[in-house]
There are 2 protein chains.
Amino acid sequence: MRRPLSNGEFDIIKTLFAPLSKEANGSFNLTDDAALLATGEYVVTKDLIVGGVHFLEKDPLDLVARKLLRVNLSDLAAKGARPVGYFLGCVWPKAIKQDAIARFAAGLAVDQDLFRIALFGGDTTRHRAAGAPLTLSATLFGTPHRQGMLTRSGASVGDDLYVTGTIGDAGLGLAALEKRETFSKLDRDYLTARYRLPDPRLVIGGALAGHASAALDVSDGLLADAVHLAAESGVSLIIDAERIPLSEAAGLWLAKQADRNASLAALASFGDDYEILFTAPASMRRAVDMASKVSKTRVRRIGQATKGEGVTLLDMDRNVIETEQGGYDHFA
Amino acid sequence: MRRPLSNGEFDIIKTLFAPLSKEANGSFNLTDDAALLATGEYVVTKDLIVGGVHFLEKDPLDLVARKLLRVNLSDLAAKGARPVGYFLGCVWPKAIKQDAIARFAAGLAVDQDLFRIALFGGDTTRHRAAGAPLTLSATLFGTPHRQGMLTRSGASVGDDLYVTGTIGDAGLGLAALEKRETFSKLDRDYLTARYRLPDPRLVIGGALAGHASAALDVSDGLLADAVHLAAESGVSLIIDAERIPLSEAAGLWLAKQADRNASLAALASFGDDYEILFTAPASMRRAVDMASKVSKTRVRRIGQATKGEGVTLLDMDRNVIETEQGGYDHFA
């Protein structure tokens with residue numbers, strides 16, 4: 001009724017995953033059914049990534065592992081939290097080889113060291129259906145900033161609207177990987193790296209706690225996530241399209257497009273940016289500047305919160321650019 | 001580059017999942033990127049279930065939802081913890097319909113009420129690959145008993161070995177569903193229910209905290225999980241096959257088998273029992289009896305811990321029954 005004896009599953013956990021617990025207190029080195037988190041307040045987030053949806057099935061597995069951690073770390077960053085550890089769920093394709101799992105675990109190890117987190121537990125299993133893709137889940141937890149957790153709902157009318165880093169790179173990187181757009185080798189490498197390996201803005205996230213009034217990470221697209229922030233805060237957000245920060249590569253791409261406004265709207269709709277979109281009162285401009293300097297993270301003021309609802313994108317003549325604000329929708 | 005505007009994903013979260021947050025403090029009604037857990041010590045566990053692996057693809061989705069919660073609740077039960085809430089990850093098949101998701105959410109609602117837990121966050125997406133099965137992940141958290149969390153590693157030489165409930169039912173239920181075994185209608189209904197809807201032993205789990213020396217839940221099979229407990233505690237476990245508690249249905253099945261010992265070993269290897277296997281010093285026999293009475297949960301003493309390692313199954317003449325102790329292995 002059960003398959004023949006093999007210690008494959010337990011061996012994989014013992015040899016590849018247990019060392020990732022780093023003997024963290026309460027992880028029991030992954031030898032127990034549950035972990036025990038020490039007394040504290042915890043910020044917790046859970047994001048899934050699926051082969052063929054959030055990453056390409058030929059993507060190197062160490063990068064996939066790092067992307068899994070980083071999309072979740074990005075959520076903690078936008079909440080101003082300091083990451084502590086994570087729980088991992090892996091459903092491997094039927095034909096997975098142990099060395100592929102080892103490469104995945106090696107990717108986890110790299111980012112665990114970089115972001116100082118440890119694996120506290122999880123579950124690993126395998127699809128029986130041929131062709132079912134690698135499906136990954138991570139639940140990350142961290143401690144909130146002493147000033148409290150940043151939420152989506154704190155923006156007030158009159159607040160400035162900011163975004164970190166640059167917008168649209170990951171979408172262009174995906175287009176390059178899918179051969180829908182062509183770039184110079186240098187730009188292609190930069191853009192595909194932005195797609196494959198987002199850079200969670202943890203340092204500035206922590207620095208913004210107590211200064212920003214609302215924040216979230218840009219994963220569905222700048223416009224779509226602005227819609228979320230506006231809705232939860234009960235404000236309208238006005239965004240100057242020309243102030244949206246672009247990388248050199250995205251700027252070059254934009255210069256070549258026939259319809260500049262539509263292309264700016266496209267860059268603001270791609271998703272996978274993993275930057276922080278946030279608001280702060282005008283009285284906080286110096287504090288935001290300081291947070292940017294201390295964290296060595298670019299911040300651009302791109303608009304403001306006004307009375308009303310929804311998000312409006314304005315061109316250089318203050319005319320409204322028509323946009324689709326739904327962002328990426330897995331059920332569309 | 002992105003698909004056309006639709007609010008499907010956000011609608012599903014808002015209408016079907018947000019109400020499951022029950023406005024729990026820190027859940028933000030699922031409107032934020034992360035949840036904020038109040039100050040406390042937390043026991044955390046994460047189990048995946050996958051269509052075609054842990055449940056049958058034709059299983060009713062409300063029962064699948066409840067099984068997802070229950071396999072995780074069982075882990076908390078075995079640790080003596082009181083469940084508080086969970087994070088949910090769903091990857092739906094490509095062709096999923098919204099009413100199927102609604103049925104799934106209805107199943108969650110039933111067990112949330114039964115076990116007094118709330119949904120604190122998560123992620124939902126959809127496979128692009130046709131034929132890729134429903135893949136579910138839940139991270140459950142609870143508060144440890146004031147006596148501390150039960151672990152796998154606390155058993156000592158001389159301790160008694162116990163198990164709750166009955167063993168082997170779920171495996172026979174799966175065999176019935178897969179038409180590998182036939183039963184009377186009454187027995188079939190009982191056994192398949194045991195497979196589809198495990199009963200997490202939360203009440204006795206809490207009652208055992210401070211009395212049991214080690215515990216874990218039986219998910220891989222009684223023998224395989226006994227191997228885990230023995231290994232983590234550094235003891236050998238001797239189990240009397242004839243003392244393994246069986247339901248009436250399993251007893252009837254056993255009586256019809258040609259090789260009684262091999263069939264007892266099979267029942268002890270099926271998995272999916274979600275009972276608690278635990279040890280306690282002989283001085284705790286009255287306390288264990290009391291815990292059983294107070295929680296109205298059957299407990300059977302089935303063996304003891306001795307010096308050495310591994311697990312030995314003895315027949316009624318105290319001869320060793322040859323067994324495969326690997327249990328269910330997803331990588332076999």
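**Figure 1. An open sheet of eight strands with contributions from chains A and B.** In this predicted model, eight strands line up in the order S3(A)-S2(A)-S4(A)-S1(A)-S1(B)-S4(B)-S2(B)-S3(B), and their pairing is mixed. If you follow the sheet out to its edges, you arrive at S3 of chain A and at strand S3 (118–126) of chain B; each has a single partner strand, so one side of each is left without a neighbour in the sheet. Direction ignored, neighbouring strands here are turned by 20° against each other on average.

**Figure 2. Where S1(A) meets S1(B).** How many bridges join S1(A) to strand S1 of chain B? There are seven, and the two strands run antiparallel. For a handy landmark in this view, look for A:Leu36, which stands opposite B:Val43 in S1(B).

**Figure 3. Strands S2 and S4 within chain B.** Strand S2 (residues 82–92) of chain B runs antiparallel to strand S4 (residues 135–143) of chain B, and nine bridges join them. One pair to pick out is B:Cys90 and its bridge partner in S4(B), B:Leu136.

**Figure 4. The rotation axis that relates the two chains.** A turn of 180° with a shift of 0.0 Å along the axis lays chain A on chain B, with an RMSD of 0.0 Å. That is the relation of a two-fold axis. The same surface serves both copies, as 100% of the contact residues of chain A recur in chain B. Which residue of chain A comes closest to the rotation axis? It is A:Ala132, with its C-alpha at 2.2 Å.

**Figure 5. The side of chain A that touches chain B.** Chain A brings 74 residues to this contact, and chain B brings 74 residues too. Several elements of chain A each supply at least two residues to its side, among them helix H1 (8–17), helix H2 (61–78), helix H4 (169–177) and strand S6 (214–217). Strands S2 (82–92), S3 (118–126) and S4 (135–143) of chain A are also included in that group. S1(A) gives the most, with 15 residues. Sorted by class, the side of chain A that touches chain B has 33 nonpolar, 23 polar and 18 charged residues.

**Figure 6. Domain 1 and domain 2 of chain A.** The domain assignment splits chain A into domain 1 (10–143) and domain 2 (160–314). Taken over C-alpha atoms, the centres of the two domains of chain A are separated by 27 Å. Their contact involves 15 residues from domain 1 of chain A and 17 residues from domain 2 of chain A. On the domain 1 side, H2 and S2 of chain A are the elements that give two or more residues. H2(A) provides the largest share of that side, ten residues. What is the make-up of the side of domain 1 of chain A that touches domain 2 of chain A, by class? It has seven nonpolar, two polar and six charged residues.

**Figure 7. An open sheet of six strands in chain A, with H2(A) packed on it.** The strands of this chain A sheet follow the order S6-S8-S5-S9-S7-S10, and the pairing is mixed. S6 and strand S10 (311–314) of chain A are the edge strands, each pairing on one side only. From one strand to the next, the twist averages 25°. Moving inward, strand S5 (residues 160–164) of chain A pairs with strand S8 (residues 276–280) of chain A in the antiparallel sense, over four bridges. Within that pair, A:Val163 stands opposite A:Leu277 in S8(A). H2(A) packs on the sheet, where it touches S6 and S8 of chain A, and its direction makes about 175° with that of S6(A).

**Figure 8. Strand S6 of chain B, covered on both faces.** Are the residues on the two faces of strand S6 (residues 214–217) of chain B buried or exposed? B:Ala214 and B:Leu216 on one side are buried, and so are B:Ala215 and B:Asp217 on the other. S6(B) runs antiparallel to strand S8 (residues 276–280) of chain B, and four bridges join the two. Here B:Ala215 stands opposite B:Phe278 in S8(B).

**Figure 9. Helix H9 of chain A and its cover.** The buried residues of helix H9 (residues 260–267) of chain A are A:Asn261, A:Leu264, A:Ala265, A:Ala266 and A:Leu267. Their cover includes H4, helix H8 (248–255) and S10 of chain A.

Notes. Residues are numbered from 1 along each chain as its sequence is written. Chains are lettered from A and ligands numbered from 1 in the order in which they are written. This is a predicted model: local features need pLDDT of at least 70, side-chain atom pairs count only at pLDDT 80 or more; totals for chains, interfaces and linings use all residues. Copies are superposed by least squares on the C-alpha atoms of residues with pLDDT of at least 70 in both. Two residues are in contact if their C-beta atoms, placed from the backbone, lie within 7 Å. Ala, Val, Leu, Ile, Met, Phe, Trp, Tyr, Cys and Pro count as nonpolar, Asp, Glu, Lys and Arg as charged, and the others, Gly among them, as polar. Two strands pair if DSSP finds at least two bridges between them. Axes are lines fitted to C-alpha atoms, for helices over the stretch in contact, and angles run from 0 to 180 degrees between N-to-C directions. A residue is buried if 20 or more other C-beta atoms lie within 10 Å of its own, exposed if 12 or fewer, and partly exposed in between; C-beta atoms are placed from the backbone. Domain bounds come from an automatic or database domain assignment.
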